[in-house]
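Please open the structure in your viewer and keep the selection tool at hand, since this tour moves from one selection to the next.

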Amino acid sequence: MIEAVSRTLVPRVFAVALLAGILFCGRFALAGAASLQEMLDGALVPSSAPALLGPITSAGRIGWECKPERAAAAKDAQHSELPANPSTP
Amino acid sequence: MRVLLLAALLVELMATSGPAQTYAPSTPLPRTTSVPALRAFANAREVEERFRIGLDAETRGDWKGAVAEFDRIVVLNPPEPKGSTAQYDLALAYANLQRNDDAARALRAAIARDPEFLAAMANLIAVDLARGDLPEARRIADRYVTLAPDSARALYSRGIVALQAGDATTAREDFGKLLHANPSYAVAHYDLALAEERLGRFDAAQRELNTALALAPAYARARFALGVVLLRQGEHAAARSAFARATADAAGDPALKNIAAAMRDSIKVP
């Protein structure tokens, strides 16, 4: 009788342990996948905001001499005081 | 003979004598006994002097000194364009002291006095991004683009605000327009790629990133983004290679270097 119980109990215990192990590993696998996805989502960050334009004299913004206002209106990215291309020395 | 000599002398005199010298009229001095008029003259003089001292302070990086000068000009309330300009310069000093809320307030005042002050709008957007005030940054960026639709800085600024706020469609439009006039601007190709990636247009994102990298081969952030896009497309080997290259190129950016290395190592290629 005892032998019969132990014969059926051992595989059951083993099966439960195996299932628990699978669930345990699966949980980590899911967590790993989620963190990878989060890493991907958070990794692509936009470029930095442009630096502040410089001071303006008491003559004000009107006129060709006002560099900050010219930079603010320029069509050309090179004259707009935007972040430089990374390879640019 | 004497007549000839006299004639020659007269001709010589006429040739050497220039027109009568003229003198500029003397600068009119304020001649008044009116107290308000005298006060106005004194204020105008003080404003000019404080502008000179404040700008010198900003050139030296003495931002506290600059705040004191421009703050006083604001109190004196000079007419335009000096009033809005003083607010603008005051904001610049505040921003450099990391007092971004004060900087934003001064820039709002500058724009209220001069509603087409583009440099003030450009700086307010940058300050708002630093403060994390995306709604105001977007309002000002919309106004900036309306006033200067071809301005590279207006398009770039609104594109960045839109990307940060999750509006990939506006970002795509703005960076696309910016690149139409500036096709060799690698940074805008990168940001356009981000907008395309968020819209699920991975082929377009990959194309923009390849263009950015052709223009700037050591652009580590673009290389990393290319790895992400390739990974989303299931191209694991190519993605791993891109992350490996990004790890090497990101020497000056430890955070990017670490995440690129982690991504590279997380991809198992047979």
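The angle used at the first stop runs from 0 to 180 degrees between the N-to-C directions of two axes, which are lines fitted to C-alpha atoms, for helices over the stretch in contact. Keep in mind throughout that this is a predicted model, with scores of ipTM 0.82 and pTM 0.80. For chain B the mean pLDDT is 91, and 89% of its residues reach 70 or more.

Begin with chain B, and select helix α6, residues 118-131, together with helix α8, residues 152-165; their axes lie 10 Å apart and the two helices pack at an angle of about 20°. Because angles under 35 degrees count as roughly parallel, α6(B) is roughly parallel to α8(B). If you look at how α6(B) passes α8(B), the crossing is left-handed.

Now show the side chains at this contact: α6(B) contributes B:A122, B:I125 and B:L129, while α8(B) contributes B:R153, B:S157 and B:V161. Coloured by character, the residues of this contact of α6(B) with α8(B) would appear as four nonpolar, one polar and one charged.

Next, bring chain A into view and select where the two chains meet, for 33 residues of chain A are in contact with 51 residues of chain B. On the chain A side, the elements giving two or more residues are α1 (2-43) and α2 (67-73). Which of the elements should you select for the largest share of that side? Choose α2(A), from which five residues come. To finish, colour the side of chain A that touches chain B by residue character, and you will find 22 nonpolar, seven polar and four charged residues.

Definitions and conventions: Residues are numbered from 1 along each chain as its sequence is written. Chains are lettered from A and ligands numbered from 1 in the order in which they are written. This is a predicted model: local features need pLDDT of at least 70, side-chain atom pairs count only at pLDDT 80 or more; totals for chains, interfaces and linings use all residues. Two residues are in contact if their C-beta atoms, placed from the backbone, lie within 7 Å. Helices (H or I, at least four residues) and strands (E, at least two) are DSSP runs, numbered from the N terminus. Ala, Val, Leu, Ile, Met, Phe, Trp, Tyr, Cys and Pro count as nonpolar, Asp, Glu, Lys and Arg as charged, and the others, Gly among them, as polar. pLDDT is the predictor's confidence in each residue, from 0 to 100. Angles under 35 degrees count as roughly parallel, over 145 as roughly antiparallel, 65 to 115 as roughly perpendicular and the rest as oblique. A crossing is left-handed if the near helix is turned anticlockwise from the far one by less than a right angle, and right-handed if clockwise.
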